[in-house]
Amino acid sequence: MQYDVTVIGSGPGGYVAAIRCAQLGMKTALIEKYDTFGGTCLNVGCIPSKALLDSSEHYHNATHTFETHGIDIKGDIKVNLPQMIKRKDEVVKQTTEGIVYLMKKNKITTYKGVGAFKDKNTIKITKSDGVEEITTKNVIIATGSKPTALPFIKIDKERIITSTEALKMKEVPKQLILIGGGVIGLELGSVYARLGSKVTVVEFMDSIIPTMDRALGKELQKSLTKIGFEFHFQTKVTGAIVKGKEVTVSAETADGKKVEFKGDYCIVAVGRKAFTDGLGLENIGLKADQRGKIAVDKHLQTSVSGIYAIGDVIDGAMLAHKAEEEGTFVAETIAGQKPHINYNLIPGVVYTWPEVAGVGQTEEQLKASGKAYKAGNFPFKALGRARASMDVDGFVKVLADKTTDEILGVHIIGARAADMIAAAVTAMEFRASAEDVSRMSHAHPTYMEAVKEACLAATENRPIHI
Ligand code: FAD
Ligand code: NAD
């Protein structure tokens, strides 16, 4: 065999798997069908969306908070969207080129082309200049996902668009309609709301981010309303058409009423679907399920020995860091190690402002399981650090076992929640009690003091600052 391991797909699952395999001494190949490495996350997902979120947040602050901070900017403050998109493209370029460097550094052989199974040990690579075959002992499928389409809506990529087109807009929409109030809709909606768009969210469920602790969605809705979001819940989109520069989205409310929303652009963000097209799964006796997902066992091995699958293409949260953990897990499994992933402690983050982050059990999950728990809350407005920066929206909620005081869930909405949640993951991996955390020194003034205070509230209901 030419290779010990061949990885198909270079997203955060695939490239991390390849690096870990190489680190463990395996001869490794990586196949990617696009021109650049990094998959959805680096090219059209996590990184470009965060670049635009940061740029738009600067604009929002310049137009909304600078004056209060005592910063006078003379003249009109204008959005230069082409420059904003150009900066984003540069960030993406640097990041994807970083993967090329990492592949070279780790002596991973890379192929640009579509990888498909000829048989379980032979991969056919269709490249721009012909077809090549390689042989391999093991394969890691990391082919990721694509936006889900609604069968009754034609995405013209001009006015009715997906997240990919929303990352390279030519103008700031006046009225942006979001089909789906999930993570993509809220993040990209935030970008354009901060730049001046009115944003209408049409959401099938009764709240935004419904899989996170429900208190977070309620609080986030208040903050987003302040920057120009309007929400229509329990409203199911049934169609969308474009006439000239206008998009009309038709929908049905829970009580059967037909409604219409008009805007100049519409982003369809109703979830993502695992991607296995052209992979030749049939040649090795594998079949993806209805959602395109590949079934794996607890070692992330498919029903064919030596063929593994990771990331968005298998069950579970569609998150870059989940894919990365699985990449490492499979590499170590192939190397004969006994790795472990704690799926309960994979944090979820929404990069709106305030940011939203959660890990462990939600209050709804604890109630449903009948687990006796106690909750401690602490609002950011009671924190000196938050007042100093004027980021006073949000709170920390800590859920702990009623008897043992072990932390079962931490849910944060507030400035820098995305970074703060890592401390909660660490504490929970070490099975800390709320009291353990509340007795640890937290630097003052920091946002993390809110976590300490929420732990004090959970453990003995004795926060200091409220
Ligand atoms: P992908 O990143 O999708 O990579 C799969 C790769 O496989 C692609 O490059 C594809 O071209 C390639 N491929 C497919 N088939 C073949 C084939 N036959 N041959 C060769 N190559 C093939 N997650 C987060 O955790 N944080 C975020 O902030 C975040 N933001 C996001 C924002 C947006 C707008 C979107 C769309 C997603 C975001 N995500 C985020 C989700 C994240 O991007 C995915 O969970 C992650 O990329 C999944 O990684 P993966 O390796 O499984 O697949
Ligand atoms: P999502 O599943 O988060 O949200 C889709 C929403 O669309 C749901 O709330 C659903 O109820 C709604 N919906 C579905 N059909 C509808 C209809 N006909 N009418 C009205 N509403 C409808 O999906 P997404 O926002 O597209 O994101 C896809 C994936 O990408 C997610 O799994 C997410 O994990 C990942 N992602 C993560 C991040 C992050 O970690 N910060 C950012 C972006 C994307």
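In the predicted model, Val-242 stands opposite Val-247 of strand 13. This pair belongs to the contact between strand 12 and strand 13 (residues 246–253), which run antiparallel to each other and are joined over eight bridges. Both strands are part of an open sheet of three strands, ordered 12-13-14 and paired in the antiparallel sense. Strand 12 and strand 14 (258–263) form the edges of this sheet, each pairing on one side only. On average, and with direction ignored, neighbouring strands of the sheet are turned by 20 degrees against each other.

Strand 12 (235–243) also contributes to the surroundings of ligand 2, since strand 12 and helix 7 (183–194) each supply at least two residues of the shell around this ligand. The shell holds 20 residues, of which Ile-184, Glu-187, Glu-203, Gly-271 and Val-349 come nearest. By residue class, twelve members of the shell around ligand 2 are nonpolar, four are polar and four are charged.

Polar contacts to ligand 2 involve both side-chain and backbone atoms of the protein. An N or O atom in the side chain of Glu-203 is 2.6 Å from an oxygen atom of ligand 2. A polar backbone atom of Met-318 is 3.1 Å from an oxygen atom of the ligand, and a backbone N or O atom of Val-349 lies 2.8 Å from a ligand nitrogen atom. Of the 850 Å² that ligand 2 exposes when taken alone, the protein buries 78%.

Met-318 takes part in the surroundings of ligand 1 as well: a backbone N or O atom of this residue lies 3.1 Å from an oxygen atom of ligand 1. Two side chains provide further polar contacts to ligand 1. A polar side-chain atom of Glu-32 lies 2.7 Å from an oxygen atom of the ligand, and an N or O atom in the side chain of Lys-50 is 2.6 Å from a ligand oxygen atom. The protein covers 95% of the 1,000 Å² of accessible area that ligand 1 has on its own.

Glu-32 and Lys-50 are also among the closest of the 39 residues that surround ligand 1, together with Thr-40, Gly-115 and Ala-320. Several secondary-structure elements each supply at least two residues of this shell, namely helix 1 (12–23), strand 2 (28–32), helix 2 (39–44), helix 3 (46–64), strand 4 (114–119) and helix 9 (320–334). The largest share, four residues, comes from helix 2. The shell around ligand 1 divides into 17 nonpolar, 17 polar and five charged residues.

Val-349, described above as one of the residues nearest to ligand 2, leads to a second sheet, in which strand 18 (348–350) is an edge strand. This open sheet has five strands in the order 18-19-22-21-20, with antiparallel pairing. Strand 20 (373–379) is the other edge, and each edge strand pairs on one side only. Neighbouring strands are turned against each other by 10 degrees on average, direction ignored. Strand 20 pairs with strand 21 (residues 395–401) in the antiparallel sense over seven bridges; within this pairing, Asp-401 of strand 21 is the bridge partner of Tyr-373.

Two helices lie across the five-stranded sheet. Helix 12 (residues 417–429) lies across strand 18, strand 19 (355–360) and strand 22 (407–414), and runs at about 10 degrees to strand 19. Helix 14 (residues 449–460) lies across strand 20, strand 21 and strand 22, and its direction is at about 145 degrees to strand 20.

Cis peptide bonds occur in two loops associated with these elements. One joins Trp-353 and Pro-354, with omega of about 5 degrees, and Pro-354 is placed in the loop between strand 18 and strand 19. In the other, the peptide bond from His-444 to Pro-445 is cis, with omega near -5 degrees; Pro-445 is found in the loop between helix 13 (434–438) and helix 14. A further backbone feature concerns Leu-300, a residue other than glycine whose phi is positive, near 60 degrees. Leu-300 is located in the loop between strand 16 (272–274) and strand 17 (307–309).

Terms used
Residues are numbered from 1 along each chain as its sequence is written. Chains are lettered from A and ligands numbered from 1 in the order in which they are written. This is a predicted model: local features need pLDDT of at least 70, side-chain atom pairs count only at pLDDT 80 or more; totals for chains, interfaces and linings use all residues. Side-chain values use heavy atoms; hydrogens and water are left out. A residue is near a molecule or strand if one of its heavy atoms lies within 4 Å of it. A polar contact is a pair of N or O atoms within 3.5 Å; within protein, one must be able to donate a hydrogen and the other to accept it, and residues adjacent in sequence count only if both atoms are side-chain atoms. Accessible areas come from the Shrake-Rupley method with a 1.4 Å probe; for residues, only the protein chains shown count as cover. Ala, Val, Leu, Ile, Met, Phe, Trp, Tyr, Cys and Pro count as nonpolar, Asp, Glu, Lys and Arg as charged, and the others, Gly among them, as polar. Two strands pair if DSSP finds at least two bridges between them. Axes are lines fitted to C-alpha atoms, for helices over the stretch in contact, and angles run from 0 to 180 degrees between N-to-C directions. Contact means heavy atoms within 4.5 Å.
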